[in-house]
Amino acid sequence: MTMAAPEAPTINPLNPLLYSLLEHRFGSVLIANAGASAQVQRYKDPLRPGKFIKRAQSWGEYYRVCCPFCKEDRHRLWVNHTYGADFIDGRRMDTHLAVCYNDGCLKKEGRLEQLSDLVFGGGRQLQTRAVIRPPTTDYVIKDIEPPGEIVRIDTLPDYHPAVEYLVARNFDIKELAERFDIGVCVNPAYSSYGLMKGRIYIPARMDNKLVAWQGRIVGNRSVAVKYYTQGRKSQMLYNYDVAREQPVVILAEGAPSVWRMWPAAVCCFGKSLSLWQEAALATTWGDKPVFIVLDNDAQEELEKTTQKLCARNMNVVPVILPDARDPADYTRPELFTMLSAAADAVEVKTDLSFLQ
Ligand SMILES: [Zn+2]
């Protein structure tokens, strides 16, 4: 068998000017949420006529570089693709859209200005407005590359740490393999995916195309990145292809909750919905009940998401979990009882028998 030589991933940043400036200044740049444009809503400012308030649903693509202030080497300084893209009266706008996840470096006085000077050269150079390319993939679902060599979970021995971990969480290995194609990344294809090695691989498909993937650490040790995600996270719903056929939909936060509440559950790999995901829920499920089951620490997001979906005339059933356990830590009969009670409370009629 001949193997095609691996190709480097195509780099096609939304803001090529900023990307090249960062590459020039910092050397290595990683892209997060590749291809997702910022989704910002503008509201009329009631206090300043003619002015607008910006509120972002999601900030989309980020460029990750090694922070020059704390001198870390894990690309933990995240710079948004709209960073400094525009300027008004000679001043670059949106240069606050960067964050150091290592040490909060940019919160210190004067640091945002220092970073802007580092990137754009202190304002003495000719200022160029950055052209932000519209995402070309918006309406076409394309396959992305997996992170490297994946071994399906049901072909690993019982004593493999990932298998042991998932069994300990009461998941059925065969089901995870057959329904969700769960595996372990044994050999990352590129050095930038190095931290995927040994992680549980969670592919997200829409229309049978790989649109995003996630790598979860094995176990519960505390690490900087518990879930490592690539792909079009804000433009997908995990388990969409199966859930769309169901009479209800359950919106959860993470993949394990979706596994537990199969087949009707979806998740957005995070706590908050993008505009795209809101629209996808509303157009796919219409007036079918939508349960929102978020982790116990996400009450604020639960309220916000409920409001957003109610505003789209959806039949929303918010579910408040009784304790700090993750939805995936309950049994299916327990979830059946909680979800049924929540539906009764808001007088939504529904069939949850698939959970029994
Ligand atoms: Zn830093």
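Two strands are taken as paired where DSSP finds at least two bridges between them. On that basis, strand 12 and strand 13 are paired, since 5 bridges join these antiparallel strands. The model described here is predicted. The protein is divided into domain 1 (16-120), domain 2 (145-235) and domain 3 (237-356). Between domain 1 and domain 3, the C-alpha centres are 33 Å apart. The following paragraphs treat two sheets and a pair of helices.

One open sheet consists of 4 strands in the order 1-4-5-8, with antiparallel pairing. Its edges are formed by strand 1 (30-32) and strand 8, each of which pairs on one side only. With direction ignored, neighbouring strands in this sheet are turned against each other by 25° on average. Strand 4 (62-65) is linked to strand 5 (77-80) by 4 bridges in the antiparallel sense. Within this pair, Y63 has V79 of strand 5 as its bridge partner, and V65 stands opposite L77 of strand 5. Strand 5 also runs antiparallel to strand 8 (residues 98-100), to which 3 bridges join it. There, A98 of strand 8 is the bridge partner of V79. V79 is thus named in bridges to both neighbours, with Y63 and with A98. The side chains of strand 5 alternate: L77 and V79 point one way, W78 and N80 point the other way, and all are buried.

Helix 1 (residues 16-26) contributes the buried residues L18, Y19, L21 and L22. Seen down the axis of helix 1, these residues fall within an arc of 165°, so they line one face of the helix. S20 and H24, on the other side of helix 1, are exposed. In an α-helix there are 3.6 residues a turn, so residues three or four places apart point the same way. The buried residues of helix 1 pack against strand 4, strand 5 and helix 2 (111-120). Helix 1 lies across strand 4 and strand 5 and runs at about 5° to strand 4. After helix 1 comes G27, which has a positive phi near 85°.

Packed helices are described by the angle between their axes and the distance between the axes. For helix 1 and helix 2, the axes come within 8 Å and cross at roughly 95°. The two helices, helix 1 and helix 2, are therefore roughly perpendicular to each other. The contact between them involves L21, L22 and R25 of helix 1, which meet L118, V119 and F120 of helix 2. Of the helix 1 residues in this contact, L21 and L22 are also listed among its buried residues.

A second open sheet has 5 strands in the order 9-10-11-12-13, again with antiparallel pairing. Strand 9 (148-152) and strand 13 (227-231) are its edge strands, each pairing on one side only. From one strand to the next, the twist averages 35°. Strand 9 and strand 10 (residues 183-188) are connected by 5 bridges in the antiparallel sense. In this pairing, V184 of strand 10 is the bridge partner of V151.

Strand 11 (residues 200-206) runs antiparallel to strand 12, and 7 bridges join the two. P203 has W213 of strand 12 as its bridge partner. The hairpin of strand 11 and strand 12 has 2 residues between the strands, and D207 takes a positive phi near 50° in this hairpin. On strand 13, the residue T229 is the bridge partner of Q214. Of the 8 residues of strand 12 (residues 209-216), 6 are buried, so this strand is largely enclosed by the rest of the structure.

Notes
Residues are numbered from 1 along each chain as its sequence is written. This is a predicted model: local features need pLDDT of at least 70, side-chain atom pairs count only at pLDDT 80 or more; totals for chains, interfaces and linings use all residues. Domain bounds come from an automatic or database domain assignment. Axes are lines fitted to C-alpha atoms, for helices over the stretch in contact, and angles run from 0 to 180 degrees between N-to-C directions. A residue is buried if 20 or more other C-beta atoms lie within 10 Å of its own, exposed if 12 or fewer, and partly exposed in between; C-beta atoms are placed from the backbone. The arc is that of the directions from the helix axis to the C-beta atoms. Two residues are in contact if their C-beta atoms, placed from the backbone, lie within 7 Å. Angles under 35 degrees count as roughly parallel, over 145 as roughly antiparallel, 65 to 115 as roughly perpendicular and the rest as oblique.
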